[in-house]
Amino acid sequence: MTSEAQRLNAFPVFMRVKGRAVIVVGGGTAAFAKARLLSQSSARLTIVAPSLDPDFAAWLAGGDAAWISGTYSAARLDGAALVFAATGEEAMDRQIVRDARARRIPVNAVDRPELCDFFTPALVNRAPLVVAVGTEGAAPVLAQMVRARIEQLLSPSLGRLAALAAGFRGAAERRLPPGAPRRRFWQSFFAGAPAVAVEAGDAAAAHRAAARLLSGQSSPRTPPGIGHVALVGAGPGAEDLLTMRAHRLLGEADAIVYDALVPEAVVALGRREAERYPVGKRKGCHSKSQAEINTLLVRLGRAGGRVVRLKSGDPLVFGRAGEELQALRDAGVSHEVVPGVTAAFAAAADLSLPLTLRGVASSMVFTTGHDLDGGTLPDWTKLAVSGATVAIYMGRSVAAGVASRLIEAGLSPETACAVVENASLPSRRRFHGTLEDLPSLAARNDLTGPVMTIIGDAVAGADFELSEPLAAHRQVIAEGVGA
Ligand code: SAH
């Protein structure tokens, strides 16, 4: 039994409003908010107000609702399915509530729960699928927070999936006996090939997959060739720097393939039942070769289901994504890329460092600094000399070479540099100095995490209050050695 404390005083139902009149009385902010919410429905929305706030009027010009500009009178409510009293004046709202009730029309008075026949929920709209969140008017802000969390969990494509399901409902009822067989069909429909194809944006394939499923021609979860591989940016380390899309795909994944640099906390956001494949790729650790990773992705993609290939930062920045995408293309496996926050951006954020700076730096170079060994200097050094901000990935061991060759290319030894280890993580360390200080990086064995180096005049605009001088550290080491 439900205990008294758990009983709902307002019971949620979904009311048919298509083509029916819904009336909002009021022209201010509160009325506008209700009108926007109601415009998500196919009701005939009518606003009754002598005048409207300018932004409300501008919105109405878009044609989502009709405006009756006269003063309010009870007769305006005749025939409405729902009424909202949102005039902002208590006496007026009370009058509207009385008038609506006299006509047996359910009424809501904004911000006056005691006058409401019903409450409006916070909505996650994936029409025809909808999630309505309510608190019986007790805590609307809480409802909004819960809504935001659910919003993250649900793919924008779920509405299309529900609509596809509506199209197959009659056939499923004709062909499958009620109970377990029908339920199994729908489970496979929503978790298997049709869902994967809808998510990938391929309506025709989704329809074919659903038809195959209904005719019993395909096994529920692993139809060949229907898999989908997403190359997903895991961001620089902090799990809340993940995109909402990455978060959702992780939650839906059947398999997760990830590099050593991807933090455990991010992998842990994956669906619990997902198979996990760590593929290493960290200096000195045993790891799969790129060819083995390509083969694994193709195999998992072909086996069906949803594969998430998690890469640190952005998948398209020094992530060998090109090779993985080529392998998927060659194998005809459906795929997509989900961007992530790249390490250079996270490091810059940690120092409030403007990567472009008006009048100082108007371009940016992403490089590894591993191309500086040859006899001729790569072109990006010229960009550095002309004021570009340079972000160096995997640059710790080559720090000395980078510094000397940039100076050779014409950059002043006084050019500002910033270094961030473990950007975005609580364990991050920040350093600042000049090109001359940079070589000390290579010798430092206290830096065990990934390191991002940013060089250029714009770096001087950073906030160095939280960072240690590179040069000072060098002195400490020197003293330590001398002692
Ligand atoms: N695709 C990744 C880069 C992979 S290359 C991205 O877009 O960020 C690996 C290099 O990225 C590391 O050697 C280091 O230079 C940098 N890096 C990755 N994570 C970092 C972090 N949290 N802090 C500093 N540098 C990082």
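This is a short walk through one structure, from its sheets to its ligand. Keep in mind that the model is predicted.

Let's start with the parallel sheet. Five strands make up this open sheet, and the pairing is parallel. The order across it is β10-β9-β11-β8-β12. Which strands stand at the edges? They are β10, residues 275-278, and β12, residues 334-338. Each has a single partner strand, so one side of each is left without a neighbour in the sheet. From one strand to the next, the twist averages 15°.

Now pick out one pair in that sheet. Strand β9 covers residues 255-258, and strand β11 covers 306-311. Four bridges link β9 and β11 in the parallel sense. To find one on screen, go to Val 257: its bridge partner in β11 is Arg 309. Then look for helix α11, residues 290-302, which packs on this sheet. Helix α11 touches β8, β9, β10 and β11. The direction of α11 makes about 155° with that of β11.

On to another sheet. This one is open too, with six strands and mixed pairing. Read across, the order is β13-β14-β17-β15-β16-β18. The edge strands here are β13, at 364-367, and β18, at 468-469. Both β13 and β18 pair on one side only.

How do β15 and β17 run relative to each other, parallel or antiparallel? They run antiparallel, joined by five bridges. Strand β15 spans residues 416-421, and β17 spans 451-455. Glu 421 stands opposite Val 451 in β17. A helix packs on this sheet as well: α13, residues 343-350. Helix α13 touches β13, β14, β15, β16 and β17. Its direction makes about 75° with that of β17.

Remember Val 451, since the ligand is next. How many residues surround the ligand? The count is 17. The closest are Asp 314, Val 317, Thr 342, Ala 423 and Val 451. So what kind of shell is this? Twelve of its residues are nonpolar, four are polar and one is charged.

Three backbone contacts are worth showing. First, Pro 236: one of its polar backbone atoms is 2.9 Å from a nitrogen atom of the ligand. Next, Ala 343: a backbone N or O atom there lies 2.9 Å from a ligand oxygen atom. Then Met 394: a backbone N or O atom of this residue is 2.8 Å from an oxygen atom of the ligand. How much of the ligand does the protein cover? On its own, the ligand has 540 Å² of accessible area, and the protein covers 92% of that.

Back along the chain, to a hairpin. Strands β6, residues 122-126, and β7, residues 129-133, pair in the antiparallel sense over five bridges. Leu 123 stands opposite Ala 132 in β7. Two residues sit between the strands of this hairpin. Pro 128 is in that loop between β6 and β7. Which kind of peptide bond joins Ala 127 and Pro 128, cis or trans? The bond is cis, with omega at about 5°.

One last backbone detail. Arg 104 has a positive phi, near 60°, and is not a glycine. Where is Arg 104 found? Look in the loop between α3, residues 90-102, and β5, residues 107-109. As background, most residues other than glycine have a negative phi, and most peptide bonds are trans.

Conventions. Residues are numbered from 1 along each chain as its sequence is written. This is a predicted model: local features need pLDDT of at least 70, side-chain atom pairs count only at pLDDT 80 or more; totals for chains, interfaces and linings use all residues. Side-chain values use heavy atoms; hydrogens and water are left out. Two strands pair if DSSP finds at least two bridges between them. Contact means heavy atoms within 4.5 Å. Axes are lines fitted to C-alpha atoms, for helices over the stretch in contact, and angles run from 0 to 180 degrees between N-to-C directions. A residue is near a molecule or strand if one of its heavy atoms lies within 4 Å of it. A polar contact is a pair of N or O atoms within 3.5 Å; within protein, one must be able to donate a hydrogen and the other to accept it, and residues adjacent in sequence count only if both atoms are side-chain atoms. Accessible areas come from the Shrake-Rupley method with a 1.4 Å probe; for residues, only the protein chains shown count as cover. Ala, Val, Leu, Ile, Met, Phe, Trp, Tyr, Cys and Pro count as nonpolar, Asp, Glu, Lys and Arg as charged, and the others, Gly among them, as polar.
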